[in-house]
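Work through the exercises below with the structure open beside the text. Each task is followed by a worked solution.

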Amino acid sequence: MTDTLLILAGGASSRMKNSIDSNLSPEKSAQANNRSKGLIEVNGKPFLSYLLDNVLKAGFKNIIIITGENSELFRSTYDKNEEFLSLNIKFATQYIPKERVKPFGTADAVYQSIIQYPELKNKKFCVCNSDNLYSFEVFRLLRESNYEQALIAYDRDKLLYPKERISRFAVMGFTKNYQLTEIIEKPDQGKISEYIDEKNKVRISMNIFLFDGNIFFKYLEECPIHPERDEKELPSAIMNMISDNHKIYGIPASENVLDLTSKEDISKLEEQLN
């Protein structure tokens, strides 16, 4: 069990900024082009606030929001926010190396957070994205899990996205007792049947995890750079950890996850969350 959650909010939001939705108001387009995705307003409320509502209901107490170097709007929005006063909200900064123009990836974000909050090396904590709206039940399952390390394994059939979009999601392989064996980024669709689990389901990662800092820190520190995406990614660190015989288990979930990736998602989310 843990009461600590790290929220990844330091990405470059390239797909959001590069997307087009001619029906979006000029104000919303400006937010999409200039703000981190978690701060884009959906029905007058930052998207991240919907996530924090569920985090609060699930029983978390300590929240670390991992931002980029320009975090003033995050801090002014959530530092002593009256709606979330019962949450101990802190901030970590993902600094960009001088030789790069964009952040170094999700594994680097968590690694830099642990450097800034060393107590995380000796405790369990959860990690999730700031642009996915996970249910409070999923948060509760992960927070209260008795596993040392775990992740939510979503039923692909319950994710309400276009097939082309789902085909880009990472697929996971498990043993019969849901011990993770593999994470496959952008899988070959002709080989998907190889990853069907005991319940005849294909399991998808939506980047929500439970880690033991005492085990995982080493693999964050030593995480390799992905040869294609030029980033240090959590799946790479996880696979290296598994290869050293450390275990991480899947917790099956059968529900949709609302997602904020492109400008077209903003109006859809307003309808769904109204």
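The exercises cover pockets first and salt bridges after that.

The model is predicted, so local features need pLDDT of at least 70 and side-chain atom pairs count only at pLDDT 80 or more, while totals for chains, interfaces and linings use all residues. Residues are numbered from 1 along each chain as its sequence is written, and side-chain values use heavy atoms, with hydrogens and water left out.

**Exercise 1.** Describe the largest pocket and its lining.

Step 1. A pocket is an open set of points on a 1 Å grid over the protein atoms alone, where a 1.4 Å probe fits, with protein on both sides within 12 Å along at least five of seven lines; lining residues have an atom within 4 Å of a point. Grid points are joined across faces, edges and corners, and a volume is the space filled by probe spheres set on the points.

Step 2. The volume of the largest pocket is about 1,300 Å³. Its lining has 39 residues, with R15, T106, N129, N207 and E231 closest to the centre.

Step 3. Assign the lining to helices (DSSP runs of H or I, at least four residues) and strands (E, at least two), numbered from the N terminus. Strand β11 contributes the most, four residues.

Step 4. Sort by type: nonpolar is Ala, Val, Leu, Ile, Met, Phe, Trp, Tyr, Cys and Pro, charged is Asp, Glu, Lys and Arg, and the others, Gly among them, are polar. The lining of the largest pocket holds 13 nonpolar, 14 polar and 12 charged residues.

**Exercise 2.** Repeat this for the second largest pocket.

Step 1. The volume here is about 370 Å³.

Step 2. Of 20 lining residues, G11, R35, S36, G68 and N70 lie nearest the centre.

Step 3. Helix α4 (residues 72–78) supplies the largest share, three residues.

**Exercise 3.** Are K37 and D131, which meet in a salt bridge, buried or exposed?

Step 1. A salt bridge is a side-chain nitrogen of Lys or Arg within 4 Å of a carboxyl oxygen of Asp or Glu. For K37 and D131 the N to O distance is 2.5 Å.

Step 2. The two residues are 94 apart in the chain.

Step 3. Buried means under 20% relative accessible area, exposed over 50%, partly exposed in between (1.4 Å probe, protein chains only). K37 and D131 are both buried.

**Exercise 4.** Classify the accessibility of D157 and K201, which meet in a salt bridge.

Step 1. The N to O distance is 4.0 Å.

Step 2. D157 is exposed, at 53%, and K201 is partly exposed, at 25%.
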